[in-house]
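Dear colleague,

I am handing over the structure we spoke about, and I would be glad if you could keep it open while you read the notes below it.

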Amino acid sequence: MRGRHTTKLETRYYIVVGAFRNRAYAERKLKACNEAGYTATIVSFRNGLNAVAVCPSNSLDETLKTLKGLRGKSICPDDGWILINE
């Protein structure tokens, strides 16, 4: 798992709310997340995907609770997932 993303991340856990091959789509999603009040970043992966990640945290319990609360909201699809920065 190590080294799959090329973006330097500061915290351990992130909630991924979208992944796109087209960087412009990721930037559009990033803007929507920021406008909705979420701290968001784009994580670039070596396979060409650009993931939009929100709600950085160092607590897995907090991240799980946040993900549960985000699902069903327009910002997070039902298949949103947790990125673990190792």
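The notes that follow go from the sheet to the helices, then to the cores, and end with two buried residues.

Please bear in mind throughout that this is a predicted model. It contains an open sheet of 4 strands, and if you walk across it you will meet them in the order E2-E3-E1-E4, with antiparallel pairing. The edge strands are E2 and E4, the latter covering 81-84, and each of them pairs on one side only. From one strand to the next the twist averages 45 degrees. As a general point, strands of a sheet pair through backbone hydrogen bonds, either parallel or antiparallel. Between E2 and E3, which run antiparallel, there are 5 bridges, and within this part of the sheet Ile 42 stands opposite Val 52 in E3.

Two helices can then be placed against these strands. Helix H1 lies across E1, E2 and E3 and runs at about 160 degrees to E2, whereas helix H2 lies across E1, E3 and E4 and runs at about 40 degrees to E1.

Which residues of the largest nonpolar core touch the most other members? Of its 14 residues, these are Ile 15, Val 17, Cys 33, Val 52, Val 54, Leu 70 and Cys 76. The elements that give two or more residues to this core are strand E1 (13-20), helix H1 (23-35), strand E2 (40-44), strand E3 (50-57) and helix H2 (60-70). Apart from this core lies another one, of 8 residues, among them Leu 9, Val 16, Phe 45 and Ala 53. If you would like one residue to follow in the largest core, Val 54 is a member, and leaving aside residues up to four places away in sequence, its contacts include Ile 15, Val 17, Cys 33 and Leu 70.

Finally, is Asn 50, a residue of strand E3, buried or exposed? Asn 50 counts as buried because its relative accessibility is 7%, which is under the 20% cut-off. The side chain of Asn 50 makes a polar contact with the side chain of Ser 44, at 3.1 Å, and among the other residues that Asn 50 touches are Gly 18, Phe 20, Arg 23 and Ile 42. Asn 85, found in the segment after E4, also counts as buried, because its relative accessibility is 15%. Its side chain reaches the backbone oxygen of Thr 11 at 3.0 Å.

With best wishes

Note on methods
Residues numbered from 1 in each chain as written. Predicted model: local features only at pLDDT ≥ 70, side-chain atom pairs only at ≥ 80, totals over all residues. Heavy atoms only, no water. Core = buried A, V, L, I, M, F, W, Y, C linked by side-chain atoms within 4.5 Å. Buried < 20%, exposed > 50% of the residue type's maximum accessible area, 1.4 Å probe, protein only. Contact = heavy atoms within 4.5 Å. Polar contact = N/O pair within 3.5 Å; in protein donor to acceptor, adjacent residues only side chain to side chain. Pairing = 2+ DSSP bridges. Axes fitted to C-alpha atoms, helices over the stretch in contact; angles between N-to-C directions.
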